[in-house]
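Here's a quick tour of charged pairs and a greasy spot on the surface. Have the sequence and the 3D view open as you read.

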Amino acid sequence: MDDKNASQHPNYVQVFLTFARNSLVRDMMFRTNFIIEAISSLSWALMNVGFYWIVFEHTPSIGADTGWGKYEFFIFMATTWIINSIVQAFFMPNSEEFSEMIRTGGLDFVLLKPIDTQFLVSLRKVHWSSLSNFLLGMGLLVLSINELQDRPTAPWKLTPSIVGLYAVYCACGVAILYSLMTCLASTSVWLGRNQTLYDFWFYITNFSRYPMEIYRRGWGIVLWVVFTFIVPVLLVVNVPARILAQPLADNTSWRWPLAMFTIFAAIISVLISRWVFQRSLLAYRSASS
Amino acid sequence: MIAWTVRTLPQRASTWWTIYRIALEERMAYRGDFALGTLMRFLPIVTQIFLWWAIFDAAAAATGKSHLAGYSFHDMVAYYLLSMLGRAFSSMPGLASTVARQIREGEIKKYLVQPIDMIGFMLLARMAHKSAYYAIACGPFALVFYLCGDYFPAWPTVEVGLAFLLSLVFAFLLGFFLDLCIGLIGFWFLEVSSLLFIYMLLNFFLSGHMFPLDLLPVGWRGAVDYLPFRYLAYFPAAIYLGKVPSSQLWQELGVEALWLVGMIFIARYLYARGVRRYSGYGG
């Protein structure tokens with residue numbers, strides 16, 4: 001490589017597209033495996049629909065006067081899938097590999113590359129089959145919205161601003177989850193191994209899968225405060241889903257303050273994850289001899 | 001042809017004891033991680049409590065009913081905790097995949113050349129693993145059950161208590177042989193991971209781990225009752241909560257025992273047929 005090329009900034013978009021293409025080529029080499037993985041995650045998701053279908057046979061909504069009826073909640077669930085599938089497709093496999101690279105010393109080779117290390121570590125592989133749940137989520141969204149257009153109180157209306165805001169807040173949700181994951185993965189520099197931390201990830205994000213109203217009672221308030229303001233996983237799905245599903249015809253007083261706070265939380269989360277990541281690189285000692 | 005020496009019962013018992021002890025010690029090596037992991041496994045219960053609290057509230061506000069399919073909110077929380085206890089007995093992490101891997105990689109031939117029965121060996125090892133698990137998990141379990149004590153109904157009668165304990169032991173054995181059979185299919189397919197995934201999925205849904213089976217619509221409920229999965233999580237919890245009428249209690253346990261005997265036969269049959277099919281090369 002000559003000096004001229006080395007001093008140039010790499011084209012991040014092109015690098016990412018190359019990663020995405022390579023991953024797709026690799027996935028297509030094992031096509032049956034790819035299909036099985038897609039079917040597996042789809043069937044898991046469909047089983048969840050089954051569960052809530054049964055729940056809504058017994059109750060009109062989740063929480064009295066919360067507005068989370070069957071199809072509003074299906075929008076919530078679809079949003080969970082959409083956000084989680086993006087995280088699982090783009091960041092999860094890389095995050096797992098990052099811990100492994102720290103343990104084995106493979107990170108040396110990444111540090112040597114003339115490109116931002118966090119970018120390289122975070123986006124090297126794309127797990128395409130995870131995006132099957134993205135499509136399923138989209139399907140469920142369309143189906144639920146179609147049902148909500150006939151909602152007796154405040155029928156659902158499509159406006160460009162709703163669609164735009166939904167996309168923005170889904171992106172915020174992805175950013176918050178990505179940051180949390182990066183922070184957890186970075187800790188393997190200090191801990192050596194972090195299997196339990198991955199369990200921790202699943203248990204924490206588990207809180208984000210339900211409307212936040214259910215926690216706002218009894219000692220759930222503590223959970224609500226912690227998972228809204230300290231580790232903001234409750235914002236991830238709740239805010240975009242609320243914007244799209246409009247439970248209670250969307251007239252709650254805390255809607256906009258919460259939406260503003262979500263933007264703030266997403267930016268702060270990314271900055272913190274960047275800081276933690278760089279601290280972890282400083283603490284990294286190669287494992288090779 | 002291998003010459004099998006006839007061994008007396010004390011000799012066999014001594015072999016069993018050795019297998020059990022080795023597996024136990026192996027498991028106790030990581031007890032700290034274990035205890036923490038067990039405690040964390042209760043975290044989803046927290047969200048379940050709030051979810052069902054909200055569901056019961058909404059149902060009560062709409063229909064005035066405080067029970068869903070015969071469950072009060074407290075019953076529901078107690079059900080989830082008890083079904084976790086049932087799963088602690090019936091779930092067999094890694095069993096089917098280990099069996100399939102041993103078949104695929106030829107490790108299984110150690111059972112063919114040594115005077116050890118594979119199924120017996122695996123059962124003993126699993127009993128040791130479970131013992132180690134209970135020795136450590138009883139702390140977190142006791143803590144969580146104590147904290148959630150208010151959700152539980154009064155202590156059951158001695159008869160129900162005995163049936164409950166027996167259903168847990170049966171759940172362990174039935175879970176073991178069901179998983180084993182999936183693993184033994186590896187003699188024919190080599191790669192069983194996708195089959196295993198489907199099995200796990202069905203198991204999660206139909207065992208009552210995800211929700212009490214009483215919530216299912218009537219037609220479905222009837223079908224699920226004819227499957228063995230319900231004994232793995234739903235049945236012990238239902239016994240404890242008094243959902244199984246005492247007139248049917250022992251009859252139902254008898255049906256479970258029949259399932260168990262059936263699965264043992266199937267596992268033995270699959271193993272015998274599989275070994276005949278199996279061919280190993282190299283050292």
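What follows goes through some salt bridges in chains A and B, then a nonpolar patch.

Keep in mind that this is a predicted model. Counting over all chains, it holds 14 salt bridges. Side chains of opposite charge can pair when their charged atoms come close. Three of these pairs are worth a look, and here they are with their N to O distances.

| Acidic residue | Basic residue | N to O distance |
|---|---|---|
| A:D116 | A:R274 | 2.8 Å |
| B:D225 | B:R230 | 3.0 Å |
| B:E252 | B:R230 | 3.3 Å |

**The pair in chain A**

Start with A:D116 and A:R274, whose closest N and O atoms sit 2.8 Å apart. This pair links distant parts of the chain, with the two positions 158 residues apart in numbering. A:D116 is in the loop between helix 6 (107-112) and helix 7 (117-123) of chain A, while A:R274 belongs to helix 14 (residues 255-283). How covered are they? A:D116 has a relative accessible area of 25%, so it is partly exposed. A:R274 also counts as partly exposed, because its relative accessibility is 31%.

**The network in chain B**

Over in chain B, salt bridges link B:D214, B:R221, B:D225, B:R230 and B:E252 into a network. B:R230 forms a salt bridge with B:D225 and another with B:E252. Where do the partners of that second bridge lie? B:E252 is in helix 13 (residues 246-277) of chain B and B:R230 is in the loop between helix 11 (218-224) and helix 12 (234-240), so the bridge ties together parts that are 22 residues apart in sequence.

Is B:R230 buried or exposed? Its relative accessibility is 5%, so B:R230 counts as buried. B:E252 is buried as well. B:D225, on the other hand, counts as partly exposed, with 29% relative accessibility.

**The nonpolar patch**

Now back to chain A. Which residues make the nonpolar surface patch? They are A:V168, A:I263, A:F264, A:I267, A:I268, A:L271 and A:I272, and the patch covers about 600 Å². Helix 14 of chain A gives the most to it, with six residues. One residue in that helix is A:I263. At 31% relative accessibility, A:I263 counts as partly exposed, and patch members need over 30%. Helix 14 of chain A also holds A:R274, the partner of A:D116.

Definitions and conventions
Residues are numbered from 1 along each chain as its sequence is written. Chains are lettered from A and ligands numbered from 1 in the order in which they are written. This is a predicted model: local features need pLDDT of at least 70, side-chain atom pairs count only at pLDDT 80 or more; totals for chains, interfaces and linings use all residues. Side-chain values use heavy atoms; hydrogens and water are left out. A salt bridge is a side-chain nitrogen of Lys or Arg within 4 Å of a carboxyl oxygen of Asp or Glu. Helices (H or I, at least four residues) and strands (E, at least two) are DSSP runs, numbered from the N terminus. Buried means under 20% relative accessible area, exposed over 50%, partly exposed in between (1.4 Å probe, protein chains only). Patches are made of residues with over 30% relative accessible area and no salt bridge: like charges are joined within 9 Å, nonpolar side chains (Val, Leu, Ile, Met, Phe, Trp, Tyr) within 5 Å. Accessible areas come from the Shrake-Rupley method with a 1.4 Å probe; for residues, only the protein chains shown count as cover.
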